[in-house]
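Hi,

Here is the structure I promised to pass on. Have a look at it first, and my notes on what turned up follow below.

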Amino acid sequence: MKKTILCGIFALLAGCADLSQYTTVDSNASAKSKMRACMLSEANEKLQAGTLFTKSISETSDELVNTCLKKLALQAAGISEESQSAAESIIANLKKLK
């Protein structure tokens, strides 16, 4: 119960604060720093969309970790999110033609 309340308070504070200083990191930052920044950014996006608390904390944390792992892996491979999105759009359009 205490963890849920603390997460809620943190989320409310994060939603009101300027998170850009915590969600952006230098390209030379450690993997741990990049992961933390990504997870905070993703959590804030979910909070703004109203989907942060729709699942259990465990499920949501797994989702955040998996999303950020994917993003960081794509960045490490030199593939931007924009390229990933463009590829998904191409596939979706081809699927519609089928």
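**Confidence and overall make-up**

Among the elements of the protein chain, helix H1 (residues 2-16) has the lowest mean pLDDT, 56, while H4 has the highest, 92. As a reminder, pLDDT is the predictor's confidence in each residue, on a scale from 0 to 100. For the protein chain the mean pLDDT is 81, with 77% of its residues at 70 or more.

Some ground rules: this is a predicted model, so local features need pLDDT of at least 70 and side-chain atom pairs count only at pLDDT 80 or more, whereas totals for chains, interfaces and linings use all residues. Residues are numbered from 1 along each chain as its sequence is written, and side-chain values use heavy atoms, with hydrogens and water left out.

The protein chain has five helices and zero strands (both are DSSP runs numbered from the N terminus: H or I over at least four residues for a helix, E over at least two for a strand). Read from the N terminus, the order of elements is α-α-α-α-α. Of the 98 residues in the protein chain, 17% are buried (buried is under 20% relative accessible area, exposed is over 50%, and partly exposed is in between, with a 1.4 Å probe and protein chains only). The accessible surface of the protein chain is about 7,500 Å², and carbon and sulfur atoms own 60% of that (Shrake-Rupley method, 1.4 Å probe; for residues, only the protein chains shown count as cover). As for contacts (heavy atoms within 4.5 Å), take those in the protein chain with a separation of 6 or more: 50% of them come from residues 24 or more positions apart.

**Helix H4**

H4 covers residues 57-76, and its 20 residues should span 28 Å at 1.5 Å a residue; the end C-alpha atoms are 28 Å apart, which agrees. (The expected span is 1.5 Å times one less than the number of residues.)

Which residues of H4 are buried? They are Thr 60, Leu 64, Cys 68, Lys 71 and Leu 74. They cover an arc of only 125° around the axis, which puts them on the same side of H4 (the arc is that of the directions from the helix axis to the C-beta atoms). The background is familiar: an α-helix has 3.6 residues a turn, so residues three or four places apart point the same way. Helix H3 (31-49) and helix H5 (81-97) are included in what covers the buried residues of H4. On the face turned away from that buried side sit the exposed residues Asn 66 and Ala 76. Just after H4, Gly 78 has a positive phi of about 85°.

**Helix H3**

The span check works for H3 too: 19 residues at 1.5 Å each should give 27 Å, and the end C-alpha atoms are 27 Å apart, which agrees. Its buried residues are Met 35, Ala 37, Cys 38, Leu 40, Glu 42, Ala 43, Asn 44 and Lys 46. Just after H3 there is another glycine to check, Gly 50, with a positive phi of about 80°.

**The disulfide**

The structure holds one disulfide (a pair of cysteine sulfur atoms within 2.5 Å). Cys 38 and Cys 68 form it, with their sulfur atoms 2.2 Å apart. The pair links distant parts of the chain, with Cys 38 in helix H3 and Cys 68 in helix H4, 30 residues apart. The torsion about the S-S bond is about -90°, so the disulfide is left-handed. Both cysteines are buried.

**Some charged side chains**

Lys 71, in helix H4, is buried at a relative accessible area of 19%. Not counting residues up to four places away in sequence, Lys 71 touches Cys 38, Glu 42 and Glu 81.

Glu 42, over in helix H3, counts as buried at 11% relative accessibility. Leaving aside neighbours within four places in sequence, Glu 42 is in contact with Leu 64, Thr 67, Cys 68 and Lys 71. The C-alpha atoms of Glu 42 and Thr 67 are separated by 8.2 Å, with their positions 25 residues apart along the chain.

Glu 63, in helix H4, counts as partly exposed at 27% relative accessibility. With neighbours within four places again left aside, Glu 63 is in contact with Lys 46 and Lys 55.

Cheers
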